Amino acid sequence: MAGSPAWMIIDFACQQVGLITVPIHSNSTSADFDLIITETESSLCIAADRSIYDTILASVERTKSTARTYHLDSTHEGYFEALKEKESSNELEKLASLKESISPDDLVTILYTSGSSGTPKGVMLSHNNIAFNIKAVLMLLPLEPHYRVLSFLPFSHILERMACYSYLAFGVSLYFNSSKESFAEDFKTVRPHFCTSVPRVLEKMYDFMLEQMMNRNFIQRKTIGWALHVGKQYGSGKIRFVYFVKLTLARWLVLGLWRKKLGGKIRHMVVGAASLRPEIGKLFSAAGIQIIEGYGMTETAPLIAVNRFEPGLNMFGTVGLIVPGVDLKIDSPSETGEGEIMVKGPNLTQGYFKRQELNSEVFTSEGWFKTGDVGMFVKGRFLKITDRKKDIFKTSAGKYIAPQPLQNHFNKSPFIQRCLIIGFQKPFVTALLVPHFEILQAWCLQEGIHWTSPQFMVYNIKVRARMQQEIDTLNEALPNIERIKDFVLCHQDWTLESGELTPTLKPIRLRIMDHYKAEIEKMYG
Amino acid sequence: MQVTRKPSDNFTRLFDVLAYQLAKYPNEKALNESVNGLWKGYSIQEIIERVNHLSCWFIRNGFKCGKNYSRTGGR
């Protein structure tokens, strides 16, 4: 769920008396709930709604926890009435004294993250860890008091949580999106100047543009296609006159509509939590919404590096410059300068809660934190992320494959919504593909192919041939070892609800591969 | 766009941000949520008061420093 004033009030109220907050993502499994409630010995649980409340009650019972449990639905029993309480002067004095005793280095929150591995672990963050990031952001973002910001990412994730604290420090007006259904309408009514996003949300907006294109007449399709082509050529540097003319026309005809759909005021957006395809960043920037990508982790509260909005301080395809005050080094760089990213700084976690063995694995004796990400510097100062170290696999021929850049490459096809590259200890690379069904359906209509439903169409010979054509075209740009030799078409998208995506909409590789185990085995049969 | 804001060291703990905004950029619509299709705003002063009310409730009900509490999201 996105944040809300209630969540922020609860959050700050806990902080003031030294209570440590432990956010739990609403799509967590029962096992995750049990683990977190038990491990943290929670004394109070608050759920956003009755459905989650029932889940927590069940967990509290299973784990024999003594946690008091409430929810935020004021129309039902169990509502957290404390939100409506008035204090007495006695307690205000006690409160003042308690607040005074809270140190910046005190633990303020434990954030459970499983990332794409699947096993939750609690990241301990202090006030100072997060405050350091807020102060860094105050230097970097072009926000002014009374600007409007729309928040729609989960408050349980450190990116949006840190962003919301930052927005308060900026003095902007923070509006919380309340549902997926009202997402588009909220942009129109709030008319935000800024927001934080994850790549998947921008990809969905881009996919929507492609769907619109498929439903137009020939001339309109060509016009939109041309405008998108111009947009994808947008660069970080100085714009040449000829391109400026094309860009102006493309904005007037097509790209300007994007900004309009987002309320018409938005000029800047920061994207993080997953890899952003450079062409998506370029397209939005060409549309007049400057997109910059950043990089971080829960363990670094979260910022490690971020592109800047100023000319010359951003580069598509990278995650930008290191945040001032953070130390970063590339461990054991290869000939190309790639290696594991290690960080140190005031934003770095104190460690994983009650996981001493894990702490000793990820921290060196000098205090460097092993991020598990592989990266390198481009032009001496822009950090470029290659992939998660553990996701980089070796084929049975001994060749290393970094799946993320390949997935980004194949996702360029308008027919492919998602791609998961497979090949660990296998003789060749294959993929699980989620087709872009709306675009596929429009194509079928054009070709006179009868459309039934995704469940059946993924087995249609002509559909499969069309997807093969897309793969063949994109394969041409790759060395043989990286080319997709076979693929499975998934009849439904991977979702948060199914446990196949993280709260920031990143695919959880192991879970997805487990769900499609039989199909994968057949490809290598 | 030029970033002209100067670095600030006026807050060291997260809840200090509330007083920081009240002092520097008091906002009558600091936090806003949709209620029955209309946006309802809360001023920073109102937010601070409600935060203090709830902190006092925690004190009154014996929730002490160092104890953890869980919360979840969900629509």
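How many bridges join strand S21 of chain A to S22(A), and do the two run parallel or antiparallel? Select residues 429-435 of chain A, which form S21(A), and display S22(A) beside them: five bridges join the pair, and the strands run parallel. The model on screen is predicted.

**Stop 1: the sheet S20-S21-S22 of chain A**

Within this pair, pick Leu432(A); opposite this residue, in S22(A), stands Val488(A). Now widen the selection to the whole sheet, which is open, has three strands in the order S20-S21-S22 (chain A) and shows mixed pairing. Colour residues 416-422 for S20(A) and 484-489 for S22(A): these strands stand at the edges with a single partner strand each, so one side of each has no neighbour in the sheet. Looking from strand to neighbouring strand, the average turn is 30°, direction ignored.

Next, add residues 403-410 of chain A, helix H13. H13(A) lies across S20, S21 and S22 of chain A, and its direction makes an angle of about 150° with S20(A).

**Stop 2: strands S8, S9 and S10 of chain A**

Move to residues 194-197 and 268-271 of chain A, strands S8 and S9. They run parallel and are joined by four bridges. Label Cys195(A) and, opposite this residue in S9(A), Met269(A).

Then select residues 290-296 of chain A, strand S10, which pairs with S9(A) in the parallel sense over four bridges. Here Val271(A) stands opposite Glu293(A) of S10(A). To follow the chain from S9(A) to S10(A), trace helix H11 (residues 278-286) of chain A; this β-α-β crossover is right-handed.

**Stop 3: helices H8 and H11 of chain A**

Keep H11(A) in view and add residues 199-214 of chain A, helix H8. The axes of the two helices come within 10 Å and cross at roughly 65°, which means that H8(A) is roughly perpendicular to H11(A). The crossing of H8(A) and H11(A) is left-handed.

Show side chains for the contact: Pro199(A), Leu202(A), Glu203(A) and Tyr206(A) come from H8(A), while Ile280(A), Leu283(A) and Phe284(A) come from H11(A). By class, six residues in this contact of H8(A) with H11(A) are nonpolar, none is polar and one is charged.

**Stop 4: helices H5 and H6 of chain A**

Select residues 127-140 for H5(A) and 158-170 for H6(A). Their axes come within 9 Å and cross at roughly 55°, so H5(A) is oblique to H6(A). H5(A) passes H6(A) in a right-handed crossing.

On the H5(A) side, the contact is made by Ile130(A), Asn133(A), Ile134(A), Val137(A) and Leu138(A). H6(A) brings Met162(A), Tyr165(A), Ser166(A), Ala169(A) and Phe170(A). Eight nonpolar and two polar residues make up this contact of H5(A) with H6(A), with no charged residues.

**Stop 5: where chain A meets chain B**

Finally, bring chain B into view: the contact takes 77 residues from chain A and 49 residues from chain B. Select residues 5-16 of chain A, helix H1, which gives nine residues, the largest share of the side of chain A that touches chain B. By class, that side of chain A has 48 nonpolar, 21 polar and eight charged residues.

Which strands pair between the two chains here? Select residues 173-176 of chain A, strand S7, and residues 31-35 of chain B, strand S1: three bridges join them, and they run parallel. To find one of the bridges, centre on Leu174(A), whose bridge partner in S1(B) is Leu31(B).

Methods:
Residues are numbered from 1 along each chain as its sequence is written. Chains are lettered from A and ligands numbered from 1 in the order in which they are written. This is a predicted model: local features need pLDDT of at least 70, side-chain atom pairs count only at pLDDT 80 or more; totals for chains, interfaces and linings use all residues. Two strands pair if DSSP finds at least two bridges between them. Axes are lines fitted to C-alpha atoms, for helices over the stretch in contact, and angles run from 0 to 180 degrees between N-to-C directions. Two residues are in contact if their C-beta atoms, placed from the backbone, lie within 7 Å. A crossover is right-handed if, with the strands pointing away from the viewer, the path from the first strand over the helix to the second runs clockwise. Ala, Val, Leu, Ile, Met, Phe, Trp, Tyr, Cys and Pro count as nonpolar, Asp, Glu, Lys and Arg as charged, and the others, Gly among them, as polar. Angles under 35 degrees count as roughly parallel, over 145 as roughly antiparallel, 65 to 115 as roughly perpendicular and the rest as oblique. A crossing is left-handed if the near helix is turned anticlockwise from the far one by less than a right angle, and right-handed if clockwise.
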